[in-house]
Amino acid sequence: MTHLALFMLCLAGFAALALGMERTQEDLFGRALTSATVRRLRVAGWVVLLAALACAVRAQGWSLGLVSYSGHTSLAAGVVFGALVLYGRLKPSR
Amino acid sequence: MLAKAWARRPVISRIVAAIFGGYALAALTSVAAVSLPMAKPEAVLTGLQLSFLVYALAVIWVFGARTAKRAWAGLVLAAAPLLLAAFPVWLGAGA
Amino acid sequence: MSAGKAEPAEPGLPKGQGIRQSMSDLHIWAGLLVGWILYAMFLTGTVSYFRDETSQWMRPELPAQHQPPDSAEVAERVAATLATVAAASSQWSIGLPTERSNIASAFWRNPQAQGRRAFQSGTFDPATGQALQVRETKGGDFFFRFHFDLHYMSPLWGRWIAGFCAMFMLVAIISGVITHKKIFIDFFTFRWGKGQRSWLDAHNMLSVFGLPFHFMITYSGLVTLMLMYMPWGSDAAFKTPVERQAMTSQMSAFVPAGKPTGTKAPMVPVADVVRQAQERWGRDNIERVTINNPGDAAARIVVVRGEAGRVSVSPQYLLFDGVTGKLVEAKDKVGPAAETRGVLYALHLGRFADTVTRWLYFLVSLAGTAMVGTGLVMWTVKRRARLPDPDKPYFGFRLVERLNIASIAGLPVAMAAFLWSNRLLPQGLAQRAEWEIHLFFIVWALMLAHAVLRPARRAWVEQLTLGAALLVLLPVLNAITTQRPLWRSIAEGDWVFAGYELGLWALAALLATLAVRTARHRPRARPVRKTAPAAQPSAAAAVGEGA
């Protein structure tokens, strides 16, 4: 599992979690999603993040894997947040 | 200016409690840890690493407590069992 | 812990002080009092993740190494030099080049001197074993040491100050989390407001996304110097140096030199001994070779394992008889508490990290630096709105404002000046390495003076622009003053040099962006100050609510 693949997984996980939040849904879609969809998004998000952890540990062992995972999750969270902010800035104000 | 300082004595009291009382509590922890049932080097290292957490939590307690008196009381209360554990260490009892 | 409405208000504290309000106040005070030193520690610590690369860049005479040389041969060569330079010494310790570091270093005990002067040190060319004939410089070691020793004071003082600030930071982190109710949920729902709110949002975002790192780096930082800060347990437990050794041997691979016999005996070739270690740990996984009582019958050679493949600095070494070359002791385990300390220490240093992980460390640490910076700026932004007379702020405000500029914008200028001085100072200058450092501080002091004398906003823009300019021109300066211009480094695949200079450009772009945004920022028209105090957002609301 390369660093890039690991990062992508973390990115996807955090994106799903972010989408599962009402505030994000309002911003992106103008309305809240159904509770079923929200549940699926949140479950998917956590599952993907856990999968990323498993991959990191399998590829690099526990110590290096945990450190690597910690770095990737931090950065991925930051990137998802940054993307949301950017989107908020760029879209025409209502 | 003296009047201002007098009016601020609870805050000053808390600052003293936090900085010095907190350190004392942390230091006590590091000594009390030596009485833990493990090899001495391990016990010392355990106490050392825990002490900073104790210090930080003591500071949080001091400023979170409702009154300055309560802040000090909390520190003294926490110190009691630690003192109990620390005395044998100071007296050099046991291995 | 709700606001105790029924409790009598304590003099000195506002009525109805809740836990979130008190934690918010604690957070602000703790952060403000040590913020500038903390910023300096964070920034120099951040660049220290590329300490070896900085050192390489600052010794351009040494060619790029595409593979580290054989540690066994390097150790042998340096030992041969030390046999001439430090023949009477009771202990030599040789640090070996790694993938990222292209020099060998050594320190040795000077038998004539006592105390601090007891050790001498030097840097050596791995190819020849001779003392380095390149420009005298401390390289990246300066930023690294400054990070915890500060400078122009005894290391003891510097470390106490650093530890004090680290303790304040730990309290700031914990109080920051407590005061922020829905800290993780709010992370994704922050919105970029305008004015004071956007600084708050930036500070919150930077704090939260790197929270595991910030907590880890602060706590592990304290642990690295814990014996100095909390000697009590150790002093109470160990009465003699021998007893203490039981603990220090769990923390360090330093094996004290025993008593020499006085009989001379030829030493086994160092390379042979190191090769045994290489077989065990890998060709490039040797960190240090220490020779006790060289040339004596009681000679011992300690080969210390390198940092690759594990996240811990707990001692792992092989101890050999110096005359026969036979393995006497193999140390590869320590107790759980000692191993915990080893892991924390390693996490702090990050020396085990591969390139990608190292960049992650750098980026998150840079975010931490920005977290401290935004916190400091936020203090002035919030209070500027409340100034009764904006043209005559009170002394405390002016102090914070100017110190903010001198540290947040001024320190990068000083750091760039340090690199400039490395290229410009003449090679033969006496105390050249010290002068690079003096220039760093001189420029920093000039930035402080500039920050005091200029109007605040101009000072920000000018210093940020100066920083950007110095950084962007560094590769140009390098092309003019050395044989290793950027295009050649890229063409030859020298990614240490090329990566370093491209990184400098990226940092320059960052500073330039900040400069442009500061220049463009128009403060909002001051609201008419007739509204009742209740309309002012309370500090708790501002810090606690995310949305």
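Trainee: Chain A and chain B: contact or no contact, and how do you know?
Mentor: No contact joins them. A contact needs C-beta atoms, placed from the backbone, within 7 Å, and the closest C-alpha atoms of chains A and B lie 20 Å apart. Of the 2 pairs of chains in contact, B and C share the most contacts. Mind you, this is a predicted model: local features need pLDDT of at least 70, side-chain atom pairs count only at pLDDT 80 or more, and totals for chains, interfaces and linings use all residues. Residues are numbered from 1 along each chain as its sequence is written, with chains lettered from A and ligands numbered from 1 in the order written.

Trainee: What makes helix 3 of chain B oblique to helix 13 of chain C?
Mentor: The axes of helix 3 (residues 40-64) of chain B and helix 13 (residues 336-349) of chain C cross at roughly 40 degrees, coming within 7 Å. Under 35 is roughly parallel, over 145 roughly antiparallel, 65 to 115 roughly perpendicular and the rest oblique, so this pair is oblique. Among the contact residues are Leu45(B) and Arg341(C).

Trainee: Why is strand 4 of chain C called largely enclosed?
Mentor: Buried means 20 or more other C-beta atoms within 10 Å of a residue's own (exposed is 12 or fewer, partly exposed in between). In strand 4 (residues 286-292) of chain C, 7 of the 7 residues are buried, so the rest of the structure largely encloses it.

Trainee: Which strands pair with strand 4 of chain C, and how do you know?
Mentor: Pairing takes at least two DSSP bridges. Strand 1 (residues 91-95) of chain C has 5 with strand 4, antiparallel, Ser93(C) partnering Thr290(C). Strand 5 (residues 300-305) of chain C has 6, also antiparallel, Arg288(C) partnering Val304(C).

Technical notes:
Helices (H or I, at least four residues) and strands (E, at least two) are DSSP runs, numbered from the N terminus. Axes are lines fitted to C-alpha atoms, for helices over the stretch in contact, and angles run from 0 to 180 degrees between N-to-C directions.
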